[in-house]
Each structure stands twice: as structure tokens, then as C-alpha cells.
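Subject: Handover of a protein structure

Dear colleague,

I am writing to hand over a structure for your study. Please open it below, and then read the notes that follow beside it.

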Amino acid sequence: MRIIKTKNYDDMSQKASAQIMAQVNLKPNAVLGLATGSTPIGTYKCIVESFKNGFVDFSEIKTVNLDEYVGLDGNNDQSYRYFMNDNLFNHVNIDKNNTNVPNGMASDTAVEADRYEDLIEEIGGVDMQVLGMGLNGHIGFNEPTKIFDKRTREVDLAPSTIEANARFFASMDDVPKTALSMGISTIMKARKILLLVSGSAKADILYQACYGDITPDVPASILQLHPDVTVIADEDALATIAKNVK
Ligand code: GLP
């Protein structure tokens, strides 16, 4: 695990976008695994800016997103498909047919989960997976559990996640209670992983994820076992690590 310390959110966003663009320039037909949430918004902004300046080409890039709320279609402005179009895909030269988000409107979520898992394999697996992390250490929507969840599937959202994400919805009742999420094994199969973390609220959980026990109670802790993880985090998010790791 490599940890890159950044001054603040903007610095984190710039450094993360540089890593993603390096991947795209190195392998123009790469498969990028992408994340939503507030953390990567600045990263996507930097990428769009660089695209406008001619520094990066997405024409052959394929993407797979980590997760999607069950019951929201892509036109719903809270869906993760909408988020991706709005923050990235609409502003770069990516072929939307090459962008994939689980279908939250699938009539059978188990069939959709299998289709998604197969699709990731068919397109050659993920070259670089971008991750954010929830306040409870979740990655994708893999919430703390007793055993690591493996494959893409429908998951119940933890009450704390529903609460945390309510800020994007009209009310708490409007937040979907389940989501389709890549599993932990799906994420761990990515050849490279980029974990982005910002803000003091995540300092303790980031310490546990990077230096604590590897436990399904802190889903991100599994990343300690991956051979190629880069954590890009700002000073605030790294505060507990700075205090405890010499
Ligand atoms: C959401 C998403 C995750 C994201 C996380 C953190 O629920 N499913 O992919 O990483 O929570 O969100 P934020 O970046 O807004 O703190």
C-alpha cells in the first residue's frame, strides 16, 4: 500500500486525476473502474479540464462503476448513472456504450448482478479501480459484515449510510434501502486500486483500514492484501495515521 499525502481536497483531486490520466495514456483501451460519492467529484473535474486542453483521449476507454441504487433509473438525478454522465461522461469523448453502471431498474437483481460480473470479465477485467470510502469503511456498497461479501449482488444499506447519503435526497425516506454493488472479490481483482479519502471525519477509519486488523467489520481493510493500492488522501484524512504511525 502506497500512501500519497496531499495538502487538501483540491490537491488530492489533482493528484488522483493525474494517476487516472497516466493509466489512460499508458493503455488507451483500458478498463477503468469508477466510483461515485462526493470524494471523486473534484477528480472528475480535473480530468474534464485536462480533456478540454487536449491532454487525454477516452475514445477507446471502457468503464464499469462500482454500484447503483436499486429502484432508481438513469434519469433520476440521484442515480449513479446520472452522476457519472453529469460529472464525467457528458464532458469527455467517451462512447457511452462503453460505460457500464449496474441497472438499478432490473426486474431480477440477481440476474443483473451475474450479468454485471460476467461483463467485467468479458471486457478483460479492471485495469484501475477508483474507490472512495464510507464513514464506516465501506467500499462500493460493501457494508461492514461478518464475512467479506464476494460477488456483485443486491445489498442492504447500513442505517448510517442511508443517513450519510440522505443529504443528496429530499428526505431520508427517499434514500433507497438497497443497492447493487460489486463485491469485495470483484474489487480485489482489479489490477490497480486508487483509494481517495478526504476530510477529518474519515481519519480514524482510514487508520483502521490501512493499519488495523483485516476484518469484514472494516471492509476497506481488505485492501491491505492487494498488491497494488495507492491511497491518495489529504492531511485531514491522514491525521490519525500521522499520530500513530512513525
Ligand atoms: C457512497 C458510495 C461509495 C462512496 C462512499 C463515500 O455511499 N457507494 O462508493 O465511496 O459512499 O461517499 P463520499 O465520498 O460522499 O464520502
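Asp114 counts as partly exposed, because its relative accessibility is 38%, a value between the limits of 20% and 50% that bound this class. Please keep in mind that the model is predicted.

Salt bridges

Asp114 is a good place to begin, as it takes part in a salt bridge with Arg151, in which the closest N and O atoms are 3.4 Å apart. This pair links distant parts of the chain: Asp114 belongs to helix H4, while Arg151 sits in the loop between strand E6 (128-131) and strand E7 (153-156), and the two are 37 residues apart. Arg151 is also partly exposed, with 41% relative accessibility. As general background, side chains of opposite charge can pair when their charged atoms come close.

How many salt bridges does a search of the whole structure find? The search finds nine.

Another of these pairs joins Arg115 and Glu112, with 2.8 Å between the closest N and O atoms. Both residues lie in helix H4 (residues 109-122), and they are three residues apart, which is about one turn of the helix. Is Glu112 buried or exposed? Glu112 is buried, because its relative accessible area is 6% and the class covers values under 20%. Arg115, with a relative accessible area of 38%, is partly exposed.

Near the start of the numbering, please look at Asp11, which forms a salt bridge with Lys7. Here the closest N and O atoms are 4.0 Å apart. Asp11 has a relative accessibility of 11% and therefore counts as buried, whereas Lys7 is exposed, at 60%. Together with Lys15, these residues are linked in a network of salt bridges.

The largest pocket

The next topic is empty space. In general, rolling a probe the size of a water molecule over the atoms shows where such space is left. The largest pocket in this structure holds about 720 Å³ of space. It is lined by 37 residues, and those closest to its centre are Gly37, Ser38, Asn165, Arg167 and Phe168. Strand E4 (67-69), helix H3 (80-87) and helix H5 (159-165) are the elements that each give two or more residues to the lining.

Which element gives the most to the lining of the largest pocket? That element is H3, with five residues. Sorted by class, the lining contains 16 nonpolar, 16 polar and five charged residues.

A loop residue and a surface patch

Asn97 is found in the loop between H3 and strand E5 (99-100). With 68% relative accessibility, Asn97 counts as exposed, since that class begins over 50%. Asn97 and Thr63 are 34 residues apart in sequence, and their C-alpha atoms are 9.6 Å apart in space.

Finally, a nonpolar patch on the surface is formed by Met1, Ile3 and Tyr211, which together have about 270 Å² of accessible area. Met1 lies in the segment before strand E1 (2-6). Met1 is partly exposed, because its relative accessible area is 41%.

I would suggest locating each of the named residues in the structure as you read.

Yours sincerely,
A colleague

Terms used. Residues are numbered from 1 along each chain as its sequence is written. This is a predicted model: local features need pLDDT of at least 70, side-chain atom pairs count only at pLDDT 80 or more; totals for chains, interfaces and linings use all residues. Side-chain values use heavy atoms; hydrogens and water are left out. On a 1 Å grid over the protein atoms alone, a cavity is a set of points where a 1.4 Å probe fits but cannot get out, and a pocket is an open set with protein on both sides within 12 Å along at least five of seven lines; lining residues have an atom within 4 Å of a point. Grid points are joined across faces, edges and corners, and a volume is the space filled by probe spheres set on the points. Helices (H or I, at least four residues) and strands (E, at least two) are DSSP runs, numbered from the N terminus. Ala, Val, Leu, Ile, Met, Phe, Trp, Tyr, Cys and Pro count as nonpolar, Asp, Glu, Lys and Arg as charged, and the others, Gly among them, as polar. Buried means under 20% relative accessible area, exposed over 50%, partly exposed in between (1.4 Å probe, protein chains only). A salt bridge is a side-chain nitrogen of Lys or Arg within 4 Å of a carboxyl oxygen of Asp or Glu. Patches are made of residues with over 30% relative accessible area and no salt bridge: like charges are joined within 9 Å, nonpolar side chains (Val, Leu, Ile, Met, Phe, Trp, Tyr) within 5 Å. Accessible areas come from the Shrake-Rupley method with a 1.4 Å probe; for residues, only the protein chains shown count as cover.
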